[in-house]
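Reader: I'm new to this one and would like a close look at a single part: chain B. Could you walk me through what it's like and what goes on where it meets its partner?

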Amino acid sequence: MTRALRAELRRIRLRTVTWLVLGLLLVVAVGFVVTAWDDARPRTAAEVAAAHEAYESDVRRMDEMMATCRVMLAESPDSGLDCDIEPAPESSYLWTGRSFDEALTEATGGLAVPLAVAALVAAVSFVTAEFGARTIAPWLVVVPRRGRVVLSKTSAAALVSVPGALVTVLATVAGLTALYAGFGRPLASGYVWTEVTGQVGREIVLVVLAAVAGTGLAFALRHATAVLGVLVWWVVAIEVTLPVVLPRGTPLTVATNANAWLEGGTTYFLQECGPDPENAALRLCQDVEHTVSAVQGLDVLVVLVVLVALCGALVFRQRDVV
Amino acid sequence: MGDEPAIWTRGLRKTYRSFTMREVVAVEGLDLCVPAGGVHAFLGPNGAGKTTTIRMLLGLVSPDAGEIRLLGHPVPRGLDAALARVGAVVEQPTFYPHFSGRENLMLLAVAAGVPATRVDAVLDQVGLTERGRQRFRKYSLGMRQRLAIAATLLCDPDLVILDEPTNGLDPAGIHDVRELMRALADQGRTVLVSSHALAEVEQVADTVSIVVRGALVAEGRVSDLLGERSGTTVRVRVDETDDATAVLRRTGWTVRDDATHLVVDGAPSAADVNRSLASSGIYAHELTLVRPDLESVFLDLTREVAS
């Protein structure tokens, strides 16, 4: 580990923003646990009684209907009526909420966006604060090689984003486990843990990419407000407008590729028109489904992040520090 | 360090472009030679290009043209090797405002591979041991300057560059900085100090460079520079100012009245002035030989360039 990287890791640890971002992520984790409360808690006696009453009512109604049905069937045996329909089982009348498996996979999946945004914000703030406080000049006197400065800051932001994400995921998992175990509900199957581990692994990759992109943007633009402006422009112009104006540009959006990476692939539809085989004078248009694979999604994300990082490094290397 | 100058520049030039693409020349063909060892004053009026020059020396700003050698290493190619032996404060002291003074130095120490004990030593050296754990944003300007000077000393540098180090310091602080600069120079280090406090600099500087509008106008030992400009000036207080003026002008000397005294330029000595007046029956209440100081030399030079 280089001295510069050690110093950068020490600085990140000392920053208030780092702990603030982690605190916000833990609030999100608590939010996922709180929303699972209603799923996990045992049903109240009133709910059980209401479900039983609804079941009994349906059974009575069903018995009456079947009795009527049998009379009609006796009058006309060829009618084909089925008069042996059973009512739904009583257990289906009582809403039991999501299982632990469902709550866990939904919560870990839902953490992807908050984790990526947190890594991006923390990385941008980490670098722009240095330009804002003008501490970059004395830093460059101690670490004169700008490439080394870029590398150490980017590595530090990326490295710190991993434990931050893991702490958030662990807090969510621990919270949900405690909640479901506390209410005596069954916990996860082995299959779900495998799925969740894979999901978290993919989220960690996304978080690291977000941190690298954040430092790249910060080195290129130097001011947090400028970075925010570029991000807003990107969201409006590329993420929202491009797929509408130019649908073929959909696979270039971060949202599509991130979704593909996280979900193991995604699809989008393009309207494709051609001559109607039954009537050559007409054109036939139909929505054709296209797939973006997980690997393709990761490739595009990596290329975008590398471009941003290179741009940041190049600008920082060329521009004067005044 | 041998005969190699601590700082050497040749034909250094830097221009900035404004938003309207107007070109502003900050440094114009600067040839600077700072000898190794001693205190070297780097003087110039505001906007003369001092800070830009220091930034170019430290690799923070790229020159448009020219060469730089810092402690014998070419800049920017040999910046790593050069800056490992340099401690510098550029313009205002800037540190992370939410970290303590000690923690700010610790970060620099970790990056530079300096042991933590050195941080305590330099804090003690600048008198900040007791306030080291206070957040930097709560420091007074004087404390900030002290912390910046402490930062320059962390790596035990051969060359210390201080840009206006006495800004915001009280008289005791100014005295301490002066003593520190002298002590560093006496240890064989080179101190480059850019300052507006000419009287302070004069007391401690061995050599000086004066820049005006980005170009060097004078360079050399302070004593030599003052000697070159030591045409005799005598201030005289007499009752008969008109008569005295006429008598002195008849000898071919330049005389002007500054309201309280007559200021005589061009006389060989104060005694000649006195003799000339006495021979006409005019007796001086006061006769003072005006010695040039760095400030007057500086003002003369900057006026000459401006005119």
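Author: Happy to, and keep in mind that this is a predicted model. Let's start with what chain B is built from: its secondary structure comes to 11 helices and 14 strands. Take the principal axes as your guide, and the C-alpha atoms of chain B fill a box of roughly 75 × 45 × 45 Å. Of the 307 residues in chain B, 45% are buried. As for how the chain folds back on itself, look at the contacts in chain B with a separation of 6 or more: 70% of them are between residues 24 or more positions apart.

Now for the meeting with chain A. Chain B puts 25 residues into the contact, and chain A puts in 22. On the side of chain A that touches chain B, the elements giving two or more residues are helix 1 (3-14) and helix 6 (136-142) of chain A. Helix 1 of chain A has the largest share there, with 7 residues. Sort that side of chain A by class and you get 13 nonpolar, 7 charged and 2 polar residues.

While you're looking at chain A, glance at helix 5 too, which covers residues 112-132. Its 21 residues reach 30 Å from the first C-alpha to the last, close to the 30 Å expected at 1.5 Å a residue. Helix 5 of chain A is mostly covered, with 15 of its 21 residues buried. After helix 5 comes A:Arg134, which has a positive phi, near 60°.

How values were computed:
Residues numbered from 1 in each chain as written. Chains lettered and ligands numbered in written order. Predicted model: local features only at pLDDT ≥ 70, side-chain atom pairs only at ≥ 80, totals over all residues. Helix = DSSP H or I, 4+ residues; strand = E, 2+ residues; numbered from the N terminus. Expected span 1.5 Å × (residues − 1). Buried ≥ 20, exposed ≤ 12 C-beta atoms within 10 Å, placed from the backbone. Contact = placed C-beta atoms within 7 Å. Nonpolar A, V, L, I, M, F, W, Y, C, P; charged D, E, K, R; others polar.
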